[in-house]
Amino acid sequence: MKWNKLTIETTTAAEDMLGYELQEMGIEGVEIEDHVPLTDEERKVMYVDLLPDDIAPDDGTARISCYIDEKEDLPAMIAKIREKIEELSAFLPMGSGRITLGETEEEDWINNWKVFFKPFRLDDNIVIKPTWETLEDRREGDIVIEIDPGTAFGSGSHETTKLCISGLKKYIKNGDDLLDVGTGSGILSIIGLKLGAARAVATDIDPNAVRATEENFAINGIPEDLARIYRVNILDEEEAESFYRENQGKKNDVVVANILADVIIPLSAIVPGLLKEGGIYITSGIINTKEEEVKEAILAQGFTILEIGHMKDWVSIVAVRN
C-alpha cells in the first residue's frame with residue numbers, strides 16, 4: 001500500500017501546535033524535524049546517550065511530515081491544512097508554510113514509532129506504560145496506566161495532558177463523578193478513576209477516538225458501569241440534548257477539557273449545566289496567547305478561578321462553580 005507524504009515547512013515556535021492540529025484532524029504518523037537540542041528529561045525518556053556531531057545549529061525552522069492514505073481526497077486535505085496554517089498564523093510565526101508532496105510505501109511505518117515509546121513517569125507515582133512494553137521499575141503505590149495511543153491520540157506526555165493530570169490529582173475526590181470532554185485516548189478518564197472517581201463519562205467527536213478510548217478502558221480493566229464513552233459534540237444543541245437525556249441530566253463533580261482555546265471558550269457557557277455547585281472545571285490545551293480570552297470566558301459564567309498553570313507555551317485554568 002502507498003501513502004502520500006506531506007511535508008510542511010514551519011517554525012519551532014509553531015511545530016507543537018501545528019502537530020497537535022494535524023492529529024486533531026485524524027492524520028496519522030506525524031513526524032517533526034528540527035534542530036532543537038534534547039533536554040536531559042527527553043534523553044532519559046528516549047534512552048539517548050550520544051548524539052551525532054553533525055547536527056545543525058537551531059535556526060528556528062522545523063519540518064512536519066504526515067502521511068495520507070492514497071484513497072483520501074488529497075486536494076481537500078491539503079486545502080484543510082492550508083486553512084489551519086492561515087488560522088494559526090494569527091498568533092504564531094508559521095514560517096513559509098510551504099507544503100511539498102511525496103510518496104512512500106507502507107513498510108509498516110505506522111508502527112515503527114513504537115520502538116521509541118517506552119514506559120515513563122508523569123510524576124512521582126503515575127506511570128504510563130505502552131501495552132507492548134514491560135514495566136521494570138514498578139514502585140509501591142504506583143498508578144500504572146496501560147495505554148495504546150495509536151498514532152493520532154495522546155499518550156500523556158504532552159504538556160497539556162500533564163497540566164490536566166496535575167489538576168485531577170489535586171482536586172478529584174473519592175466518589176466523584178467525572179466528565180472528560182474531548183477525551184482522545186481516554187487517558188484522563190482512566191487516571192481520574194484510578195485517583196478515586198466513582199464514574200467517568202468521556203466524550204469525543206471523532207469515531208477513532210471513541211474506538212481508542214473503548215480499547216484503553218478494556219486494557220485497564222475498567223467495566224462499563226464505571227466508564228462510558230460517547231461520540232457527541234456537546235456544543236451542538238441537538239446532540240447535547242440527546243446526551244443529557246441518556247445521562248438523565250446527571251451533573252458532575254469534575255469536568256475536564258483538554259481541547260483548544262477556541263473550543264473551551266464556548267464550552268465554558270455550557271459547563272455550568274454539566275457541573276454541580278462547587279464542582280471543579282479543569283481546562284487545558286490553551287496556547288498562552290489565548291490565556292486572557294479563555295479566562296474572561298470562564299469568569300463570565302460565574303466561575304471563580306482557583307489557579308492557572310503554565311508549561312512551555314501551554315496554559316491550564318482550574319475554576320470552581322459558585
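Which backbone oxygen lies 2.8 Å from a polar atom of the side chain of serine 316? In this predicted model, the partner is the backbone oxygen of threonine 283. Serine 316 itself belongs to strand S14, which covers residues 314–321, and with a relative accessible area of 3% this serine is buried. Once its neighbours within four places in sequence are left aside, the residues in contact with serine 316 are Leu163, Thr283, Ser284, Glu307, Ile308 and Gly309, so that threonine 283 appears both as the owner of the backbone oxygen and as a member of this contact list.

A second residue to follow is aspartate 177, which is placed in strand S8, residues 177–181. Aspartate 177 counts as buried because its relative accessible area is 8%, which falls under the 20% limit. Its side chain makes a polar contact, at 3.3 Å, with the side chain of lysine 250. Beyond the neighbours within four places in sequence, aspartate 177 is in contact with Arg199, Lys276 and a run of residues made up of Lys250, Lys251, Asn252, Asp253 and Val254.

From single residues we turn to a sheet. Three strands, in the order S5-S6-S7, form an open sheet in which the pairing is mixed. Strands S5 (120–121) and S7 (143–147) stand at the edges and have a single partner strand each, so one side of each is left without a neighbour in the sheet. Strand S6, residues 126–130, runs parallel to S7 and is joined to it by five bridges, and here isoleucine 126 stands opposite isoleucine 143 of S7. Helix H6, residues 187–194, packs on this sheet, where it touches S6 and S7, and its direction makes about 155° with that of S7.

Helix H6 also has a helical partner, since H5 (residues 159–171) packs with H6 at an angle of about 20°, the two axes being 10 Å apart. The angle makes H5 roughly parallel to H6, because angles under 35 degrees are counted in that way. The crossing in which H5 passes H6 is right-handed. On the H5 side, Thr161, Cys164, Ile165 and Leu168 meet Ile187, Leu188, Ile191 and Gly192 of H6.

Finally, helix H8 can be considered at its two ends. At the start of H8, which spans residues 237–246, a side-chain oxygen of aspartate 236 comes to within 3.2 Å of the backbone nitrogen of glutamate 238. After H8 comes glutamine 248, a residue whose phi is positive, near 55°.

Conventions: Residues are numbered from 1 along each chain as its sequence is written. This is a predicted model: local features need pLDDT of at least 70, side-chain atom pairs count only at pLDDT 80 or more; totals for chains, interfaces and linings use all residues. Side-chain values use heavy atoms; hydrogens and water are left out. Helices (H or I, at least four residues) and strands (E, at least two) are DSSP runs, numbered from the N terminus. Buried means under 20% relative accessible area, exposed over 50%, partly exposed in between (1.4 Å probe, protein chains only). A polar contact is a pair of N or O atoms within 3.5 Å; within protein, one must be able to donate a hydrogen and the other to accept it, and residues adjacent in sequence count only if both atoms are side-chain atoms. Contact means heavy atoms within 4.5 Å. Two strands pair if DSSP finds at least two bridges between them. Axes are lines fitted to C-alpha atoms, for helices over the stretch in contact, and angles run from 0 to 180 degrees between N-to-C directions. Angles under 35 degrees count as roughly parallel, over 145 as roughly antiparallel, 65 to 115 as roughly perpendicular and the rest as oblique. A crossing is left-handed if the near helix is turned anticlockwise from the far one by less than a right angle, and right-handed if clockwise.
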